[in-house]
Every structure is written in structure tokens, then in C-alpha cells.
Amino acid sequence: MKLADNKATLSFSNGSPSVDLPVYQGSIGPDVVDIRKLYAQTGMFTYDPGFLSTAACQSAITYIDGDKGELLYRGYPIEQLATQCDYLDTCYLLLNGELPNTSQREDFHKLVINHTMVHEQMQMFLRGFRRDAHPMAVLTGLVGAMSAFYHDSTDVHNAQHREIAAIRLIAKMPTLVAMAHKYGAGQPYMYPQNNLSYAGNFLRMMFGTPCEEYKVSPVLERAMDRIFILHADHEQNASTSTVRLCGSSGTNPFAAIAAGVACLWGPAHGGANEAALNMLEQIQHDGGVAKVGEFVAKVKDKNSGVKLMGFGHRVYKNYDPRAKLMQQTCNEVLDELGLHNDPLFALAKALEKIALEDDYFVSRKLYPNVDFYSGIVQRAIGIPVKLFTGVFALARTVGWIAQLNEMIGDPEYKIGRPRQLFTGAVRRDVQPIAKR
Ligand code: SDX
């Protein structure tokens with residue numbers, strides 16, 4: 001970042017001395033006002049719950065232009081990566097800053113594929129969960145538990161440890177997600193096969209059984225890989241900010257990523273894909289497209305507390321580019337599976353059309369986000385609804401790691417410790433119980 005040829009002057013109407021604050025600019029996107037010295041100079045904090053106007057860090061990984069609906073991973077548009085690269089290429093790009101050449105690509109793919117097995121005792125760990133536990137509860141536990149198995153890669157300040165922890169996490173997440181699924185289904189685990197692609201391996205571990213050969217469908221394999229690419233990183237979203245804050249204490253990478261999994265679970269964030277599909281199924285159950293108008297009316301009624309899940313975004317005030325690509329993937333998969341008149345897909349498109357013509361949504365710049373169509377395509381692939389967010393966590397692991405490593409490598413980084421505006425009781429003395 002570099003000093004902008006601009007500066008901010010903060011003045012106070014109560015006669016307190018004004019303060020000059022430096023303004024920095026990045027390569028693209030909004031400039032920032034550096035307030036790091038504000039408290040020392042004025043005895044005041046800034047106030048920004050939800051961080052609507054706060055840049056918590058500088059980063060070179062992912063850029064989003066919410067007004068244009070643009071998403072770049074290390075400068076490459078998501079539309080090009082999703083159609084010209086695969087997920088492991090995207091992982092290499094997010095971690096290293098450049099797309100791999102042929103030999104780098106081969107080495108990286110081989111490295112990841114050869115780390116897909118998990119410690120055999122992970123199976124004992126899984127046995128402690130109820131069979132009907134939510135897969136995200138299981139995954140939060142399994143990812144955190146990795147720090148109990150891989151003691152040789154827990155020092156986040158050791159570059160070699162960070163590198164092997166990154167490979168282990170990227171390689172083992174599909175295995176752990178599939179194990180959580182098989183455990184809930186009461187089926188035997190499928191061990192990874194090193195001769196399969198990353199996405200093909202995941203599909204086989206999810207849907208294969210020891211009883212017969214599992215044939216990977218190239219269309220589903222491509223769709224799965226694209227879903228992974230679309231979810232790989234997304235700037236300083238809630239779960240990435242959680243990973244950064246957690247990692248800023250110097251805890252190990254597995255613990256920091258487990259914190260990201262836990263945050264992603266929320267329905268306002270990664271849990272929205274599960275919630276969006278449940279919403280579509282409920283409308284379908286209540287009468288389908290004929291009931292969309294009634295549902296939208298409920299969403300517009302503030303007292304209902306009902307939101308249109310899969311719509312709206314803190315940053316995108318235009319169509320989420322990932323939602324467009326997800327809709328295309330939906331079309332391809334549903335056509336391939338002969339489900340092109342899937343009622344839920346038709347319902348989603350009808351709901352989107354009505355919402356995008358309704359002033360409530362238009363005036364609030366509410367558009368479909370990545371979660372609106374992802375549930376439909378995952379359901380068509382056969383992924384259980386409760387596992388949708390687990391797939392999101394699988395794909396986002398590389399983004400979390402890249403952001404964590406960027407922070408650790410940033411000489412400016414400190415342990416994150418926000419302050420507050422205190423509105424509670426001022427100092428008072430404890431009274432004897434008889435006087436309370
Ligand atoms: C992800 O940050 C990221 O990058 C996240 C993510 C990633 O890749 O990491 O992109 C993934 O989390 C996508 C978002 C998934 N969540 C959902 O689809 C849940 C539904 N969406 C909303 O909960 C909401 O839109 C948020 C949480 C996504 C954004 O909320 P904001 O930015 O805090 O906006 P807001 O709640 O202040 O909404 C502004 C207005 C409000 O109305 P008014 O008070 O102005 O009258 O829009 C309304 C909101 O009530 N609104 C919605 C709505 N989303 C916002 N009304 C109905 N349905 C919705 N979905």
C-alpha cells in the first residue's frame with residue numbers, strides 16, 4: 001500500500017484539537033484512512049459494529065467490486081478461473097500468487113493427492129458423535145482434532161509447518177467431509193484413491209461403497225470442481241475474519257481453520273445454502289410457483305422475520321458473479337441428469353425473477369448470492385442438504401489458509417484486540433445480600 005496524495009483531517013465541534021490522518025491507497029478499490037494513532041492522539045475510538053466501513057488488514061489475495069459484481073482471485077476474474085482452470089490450480093494460485101506452470105501443476109496435484117488419507121484413529125473420534133449429529137458439528141470437531149494428530153505442523157510461525165499444514169488441510173478436507181457423511185448414513189468409509197482427481201475422489205468417497213466399482217461421472221466431477229472454485233475465497237468475509245483473528249493469537253493452523261468452520265455454519269453466512277434449499281422445498285410443499293407471491297410478501301413484512309435466503313450480500317450490490325456461474329452449472333448438471341425440469345430449479349428461477357422486479361429488493365440492491373443456486377446443484381448431484389455447508393467449508397479451506405498465512409507473513413500484524421463503547425453500569429460497591 002502507498003500513501004495517497006490526500007489526507008483526512010478530523011475536527012471536533014467542542015474545540016478539541018483537529019487531527020490529521022494519513023490516507024493510503026491500494027492497487028484497486030477504496031482508499032483507507034489510517035486511524036491506528038487515533039486513540040493515542042484523541043482518546044477516542046472509532047465505532048463500526050459489523051465492520052461496514054473498516055479495512056481490518058491489507059491483502060493481495062481476493063478483490064471484490066460489489067457495485068460491478070466483479071470477483072478476482074489474485075487478479076484473475078472468477079469467470080475465467082471457473083471455466084479454464086481446476087480447483088487445485090486455483091489453490092496453487094491463492095496460496096502462491098501465480099497460476100502454476102506445467103511442472104508446478106503436476107507436483108502440486110501429486111502432493112495434495114498423496115496427503116488425502118487421514119490418521120486411522122480419526123474413525124475413533126467420529127464414533128463419539130451421535131449418528132444424527134449435524135455434519136458441521138462433526139466437521140468443526142474433526143478439523144480442530146487435526147491439531148491432536150499432526151504435531152509436526154502446528155507452529156504457525158514456522159514456514160515449513162505452515163506449508164505442510166496447508167497441504168494436509170486442503171488434501172484431507174474432502175476425506176473428512178465424506179467421512180462425516182458416511183458416519184451419519186451408517187455406511188463404511190471409502191478410502192481415497194490416488195488415481196482420481198480431487199473432485200472425483202470426493203464423489204467416490206461420498207457415493208461409492210465397497211460393494212461395487214464407483215464410476216465418476218465427468219459432468220458431475222466438473223460441476224463439483226467448479227463449485228469448489230466458486231467457494232474458494234472471498235476477501236474478509238465473516239469466517240475468514242474469524243480465522244485471521246483466531247490465528248493472530250499464534251494458535252496452530254488447524255485450530256484457526258476449525259474456528260472458520262464454526263463461523264461459516266451460520267445461516268447468514270455459509271449456512272445459507274442449506275437454508276435456501278429448505279426455503280425452496282417449503283415453498284414447493286406449500287404450492288410451488290403459485291405461492292411465490294405470498295412468500296415474497298412475507299419476506300417484505302418486517303414482522304415476519306422471514307428472509308429470502310440466498311439473496312443479499314454485504315459487498316455485492318449487484319449480481320454475485322458466482323451465482324451466475326452456479327446457475328449455469330445447475331443447467332449443465334440438471335440436463336446431464338435429465339432433470340432439466342427440476343421443479344425446485346424452476347421455482348428458484350421464478351422466485352429470482354419476481355424478486356428482481358420487486359422494489360423491496362431492487363431498492364435494497366438484493367440479488368442472488370452464491371448460496372441461492374448452489375443447493376439445487378448439490379442436491380442434484382446427490383449431496384444431502386445438511387452437508388451443503390460442509391462442502392462450502394471444504395472449498396473455502398484454501399482461502400482461509402492463504403489469508404492466515406498472508407497475515408502471519410505481514411510484518412504489521414498484531415494480535416487482534418478491538419475495543420468497545422461501554423454503556424454498562426459505572427463503578428459501584430457490592431451491597432450485603434440483606435440490602436439488595
Ligand atoms: C455468504 O461476506 C461474504 O463474502 C460472504 C460470502 C462468502 O463467500 O464468504 O459471500 C458467503 O455468506 C453469502 C450470504 C449468504 N447469506 C444469505 O443468503 C442469508 C440472507 N441474506 C441476509 O441475511 C443478508 O443479506 C446478509 C447477511 C447476507 C447481508 O446482510 P447486511 O449486509 O448486514 O445487510 P442488512 O441485513 O443490513 O440488509 C439491508 C436491508 C435490510 O432491510 P432494511 O433494514 O434496510 O429495511 O436489506 C434487507 C434487510 O432486512 N435484507 C433482506 C435480505 N438481506 C437483506 N431482506 C430479505 N431477504 C434477504 N435475504
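The legends below describe an overall view and several close-up views of a predicted model.

Residues are numbered from 1 along each chain as its sequence is written. Because the model is predicted, local features need pLDDT of at least 70 and side-chain atom pairs count only at pLDDT 80 or more, while totals for chains, interfaces and linings use all residues, and side-chain values use heavy atoms, with hydrogens and water left out.

**View 1. The whole protein, with 18 helices and 6 strands.** Helices (H or I, at least four residues) and strands (E, at least two) are DSSP runs, numbered from the N terminus. The radius of gyration, taken over C-alpha atoms, is 24 Å, close to the 22 Å that the globule rule gives for 436 residues, so the protein is as compact as a globular protein of that length; the rule itself is 2.2 Å times the number of residues to the power 0.38. Along its principal axes the C-alpha trace spans about 80 × 65 × 55 Å. Buried residues make up 46% of the 436 residues, where buried means under 20% relative accessible area, exposed over 50%, and partly exposed in between (1.4 Å probe, protein chains only). The accessible surface comes to about 21800 Å², of which 53% belongs to carbon and sulfur atoms, as given by the Shrake-Rupley method with a 1.4 Å probe; for residues, only the protein chains shown count as cover. Of the contacts with a separation of 6 or more, 69% are between residues 24 or more positions apart, contact meaning heavy atoms within 4.5 Å.

**View 2. The crossing of helix H8 (residues 198–207) and helix H9 (residues 218–230).** The two axes come within 8 Å and cross at roughly 110°, which makes H8 roughly perpendicular to H9. Axes are lines fitted to C-alpha atoms, for helices over the stretch in contact, and angles run from 0 to 180 degrees between N-to-C directions; angles under 35 degrees count as roughly parallel, over 145 as roughly antiparallel, 65 to 115 as roughly perpendicular and the rest as oblique. From H8, Tyr198, Ala199, Gly200, Phe202 and Leu203 meet Leu220, Glu221, Met224, Asp225 and Phe228 of H9. The residues of this contact divide into 7 nonpolar, 1 polar and 2 charged, with Ala, Val, Leu, Ile, Met, Phe, Trp, Tyr, Cys and Pro counted as nonpolar, Asp, Glu, Lys and Arg as charged, and the others, Gly among them, as polar.

**View 3. The packing of helix H3 (residues 87–96) with helix H4 (residues 102–113).** The axes of H3 and H4 lie 10 Å apart at an angle of about 100°, and H3 is therefore roughly perpendicular to H4. On the H3 side the contact is made by Leu88, Asp89, Cys91, Tyr92 and Leu95, and on the H4 side by Gln104, Arg105, Phe108, His109 and Val112. By class, the contact of H3 with H4 has 6 nonpolar, 2 polar and 2 charged residues.

**View 4. Phe51 and Lys365, two loop residues with positive phi.** Phe51, although not a glycine, has a positive phi of about 55°; Phe51 lies in the loop between helix H1 (38–42) and strand S4 (62–65), and is exposed, with a relative accessible area of 56%. Lys365, likewise a residue other than glycine, has a positive phi near 50°. Lys365 is found in the loop between helix H16 (359–363) and helix H17 (370–381), where a relative accessible area of 43% makes Lys365 partly exposed.

**View 5. The surroundings of Gly69, in the loop between S4 and strand S5 (70–73).** Gly69 is buried, with a relative accessible area of 10%. The C-alpha atoms of Gly69 and Asp320 are separated by 5.5 Å, although these residues are 251 residues apart along the chain. Leaving aside neighbours within four places in sequence, Gly69 is in contact with Tyr316, Asn318, Tyr319 and Pro321.

**View 6. The surroundings of Leu347, in helix H15 (residues 343–357).** At 0% relative accessibility, Leu347 counts as buried. Between Leu347 and Gln284, which are 63 residues apart along the chain, the C-alpha separation is 7.5 Å. Apart from neighbours within four places in sequence, Leu347 is in contact with Leu280, Ile283, Gln284, Gly288, Val289 and Val292.
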